[in-house]
Amino acid sequence: MENISELKSLLAIPKDIVITSHRNPDGDAIGSSLGLRHYLEQLGHTVKVTVPSEFPVFLNWMPGASDVLVYDISTEEVQAALKKPDIIFCLDFNSLERIDKMGEIIAAGKSKVVMIDHHLIPEPFADFVLHDETASSTSEMIYDFIKLLGDLGKMNLSIGECLFSGILTDTGSFKYSTSPKLFRIVADLLELGVDDVKIQNLIFNSLDEKHLRLLGHVLFNRMEVLEEFHTVLIWLTKEDYENFTISRGDTEGLVNFPLQMKNITMVAFIHEQPTITKISLRSKAGFSVQEIAKKHFRGGGHKNASGGYSYIGLRPTMRMFKSILPEYQSLLLNNDI
Ligand code: 5GP
Ligand code: MN
């Protein structure tokens, strides 16, 4: 960030600050937002964390999670919060479209906007930008940001627990996007007192029975292996949502399971949400799903984890997904894992 000193002087006086992160918030969205909030509060700022839609229940234990304002639930409160804060931080996304109506309010407002993000191809909507595609997570970048401001001395256990959670979830428990720098940061977080085993249990071993039943249902009844493309397609219908009484956050992680099969390069998970049909894409090694998400599904993301959506409903989206596979066949088959 070239204009870091300008931001530093803005932050020298207590400000009214809103932090926002993307729709379908994940561990990194909530972890980076709450980690930054705990830091900014120590500087004397008034901080609200807002997101467009609900986050998974396994993040409820995080310090400050119960104060997060969800646009879908507390619409008027979020609208009021976004009207005229001094500064708005946009974390873990880089296109205002990722925060739905909240993005329109931010674009129309006069607040200073700070973007901190690790996704590919950022859009130029912020006054201050910290962007690093090599970072494992936005949570790692919040640590970098605090360091840039010369404030590592202000790190505390709450910040550490939130950032550790974001790093843990965005690296798939340290399976990808890792680096020596990341492990040094994690070592610092553990020295603050972060209990890594406790957090792994809170995040990964806290499912309800219905989540495992749903996983069984998806793998048994809603999975198609497209062998000639080294691809797996899984899906959920509106009726599945009703039958298993699941909400949006409950499907987190399903898309990763088929990657455990040998010779599978890509997995797509397609499911219906109230107004859109959502697609999540995952891949292994060199095969990039980012381009597919961007070109065919109005989305984007990372090389090995991207997503997007359509307005054409479940079955047509599934057909559309299958119809684009021949275009990528040789890349899918020649992916060295
Ligand atoms: P997920 O499949 O878990 O919803 O998302 C995986 C990644 O894909 C996210 O971290 C995000 O980078 C990206 N992504 C998901 N949905 C969208 C979308 O609608 N638009 C864009 N630009 N990226 C998305
Ligand atoms: Mn992230």
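Domain bounds, as used in these legends, come from an automatic or database domain assignment. The structure shown in every view is a predicted model.

**Figure 1. Ligand 1 lies between two domains of the predicted model.** Domain 1 spans residues 4-204 and domain 2 spans residues 210-333. Because both domains give residues to the shell around ligand 1, the ligand is placed between them. The shell holds 15 residues, of which His119, Ser280, Arg282, Ser306 and Gly307 come nearest to the ligand. By residue class, the shell is made up of nine polar, four charged and two nonpolar residues.

**Figure 2. Polar atoms of Lys278, Arg282 and Gly307 approach oxygen atoms of ligand 1.** The side chain of Arg282 places an N or O atom 2.8 Å from an oxygen atom of the ligand. For Lys278, a polar side-chain atom lies 3.1 Å from a ligand oxygen atom. Gly307 contributes through its backbone, with a polar atom 3.0 Å from an oxygen atom of ligand 1. The ligand taken alone exposes 490 Å², and the protein buries 86% of that area. Two or more shell residues come from each of strand S10 (277-283), strand S11 (300-301) and strand S12 (305-310). Strand S12 gives the largest share of the shell, five residues.

**Figure 3. An open sheet of six strands with mixed pairing includes S10, S11 and S12.** The strand order in this sheet is S7-S8-S9-S10-S12-S11. Strand S7 (223-226) and S11 stand at the edges and have a single partner strand each, so one side of each is left without a neighbour in the sheet. Within the sheet, strand S9 (residues 266-272) runs antiparallel to S10, and seven bridges join the two. Ala268 has Leu281 in S10 as its bridge partner.

**Figure 4. A second view shows an open sheet of six strands with parallel pairing.** Here the order is S3-S2-S1-S4-S5-S6. The edges are formed by S3 and strand S6 (128-131), each of which pairs on one side only. Strand S1 pairs in the parallel sense with strand S4 (residues 87-91) over five bridges. At this pairing, Thr20 stands opposite Cys90 in S4.

**Figure 5. Strands S1 and S2 are connected by a right-handed β-α-β crossover.** Strand S1 (residues 16-21) and strand S2 (residues 46-51) run parallel and are joined by five bridges. Val18 stands opposite Lys48 in S2. Between the two strands, the chain passes through helix H2 (residues 27-42).

**Figure 6. Strand S2 pairs with strand S3 in the parallel sense.** Two bridges link S2 to strand S3 (residues 69-70). In this pairing, Val51 stands opposite Val70 in S3. Strand S3 is an edge strand of the sheet and pairs on one side only.

Conventions:
Residues numbered from 1 in each chain as written. Chains lettered and ligands numbered in written order. Predicted model: local features only at pLDDT ≥ 70, side-chain atom pairs only at ≥ 80, totals over all residues. Heavy atoms only, no water. Near = heavy atom within 4 Å. Polar contact = N/O pair within 3.5 Å; in protein donor to acceptor, adjacent residues only side chain to side chain. Areas by Shrake-Rupley, 256 points an atom, 1.4 Å probe, with all protein chains shown as cover. Helix = DSSP H or I, 4+ residues; strand = E, 2+ residues; numbered from the N terminus. Nonpolar A, V, L, I, M, F, W, Y, C, P; charged D, E, K, R; others polar. Pairing = 2+ DSSP bridges. Right-handed = clockwise from strand over helix to strand, strands pointing away.
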